[in-house]
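Colleague: Could you take me closely through one buried acidic residue and the strand around it, with the cut-offs behind each term? I would like one connected account rather than a list.

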Amino acid sequence: MKRLKIILGILAVIFIGFIGYLLYTNYATESGSEKVIGELTIINGNTDNMDISFRLKDDPGFYYINRGLENNLNVEELKEKLLTQQVTIYYSDHWNPLNQDGKVRHITRLEHEGNIIYTEF
């Protein structure tokens, strides 16, 4: 019985480590990102978590720049420049146990008319 508890404890530590790896691995590379092009319909800032969120027309995905408000991005300026405009979004292409359906997408790069607005590359 003692041996079984030790084995289960070791497996639990390995499992927790694996989940931590999945959650915190940096996928901010061009090869680790998917690309989508669309018209921006919503841009919002969240002062609680400092994220900036985006929605594209006819796209069920929810895109966000993690801590965007802390990275010198201004929501009002982004709305003025990008709202109803065609943009290119690169987002992390990885599975996350907290986002199993993949609809919440972390932006790794945002472009408009060939200009880079934001990038983690």
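Modeller: Helices (H or I, at least four residues) and strands (E, at least two) are taken here as DSSP runs, numbered from the N terminus. On that basis Glu-111 lies in strand β5. The model is predicted, so that local features need pLDDT of at least 70 and side-chain atom pairs count only at pLDDT 80 or more, while totals for chains, interfaces and linings use all residues. Residues are numbered from 1 along each chain as its sequence is written, and side-chain values use heavy atoms, with hydrogens and water left out.

Glu-111 counts as buried because its relative accessible area is 14%, where buried means under 20%, exposed over 50% and partly exposed in between (1.4 Å probe, protein chains only). Setting aside neighbours within four places in sequence, Glu-111 is in contact (heavy atoms within 4.5 Å) with Val-87, Thr-88, Tyr-90, Ile-116 and Ile-117.

Its charged partner is Arg-109: the two form a salt bridge, with the closest N and O atoms 2.8 Å apart, a salt bridge being a side-chain nitrogen of Lys or Arg within 4 Å of a carboxyl oxygen of Asp or Glu. Arg-109 is itself buried, because its relative accessible area is 15%. By this rule the count comes to three salt bridges. Another one joins the side chains of Arg-105 and Asp-59 (3.6 Å, N to O), and this pair links distant parts of the chain, since Arg-105 sits in strand β5 and Asp-59 in the loop between β2 and β3, 46 residues apart. Both Arg-105 and Asp-59 are buried. The side chains of Arg-67 and Glu-70 also meet in a salt bridge (3.3 Å, N to O), but there Arg-67 is partly exposed at 35% relative accessibility and Glu-70 is partly exposed at 45%.

Leu-110 belongs to the surroundings of this strand as well. The largest nonpolar core has 19 residues, and Phe-54 and Leu-110 have the most contacts inside it; such a core is a set of buried Ala, Val, Leu, Ile, Met, Phe, Trp, Tyr and Cys residues joined through side-chain atoms within 4.5 Å. Among the elements giving two or more residues to this core are β1 (33–45), α2 (75–82) and β5 (104–112). Leu-110 touches, among others beyond four places in sequence, Phe-54, Ile-65, Leu-82 and Tyr-118, and its list also includes Val-87, Thr-88, Ile-116 and Ile-117, which appear in the list for Glu-111 too.
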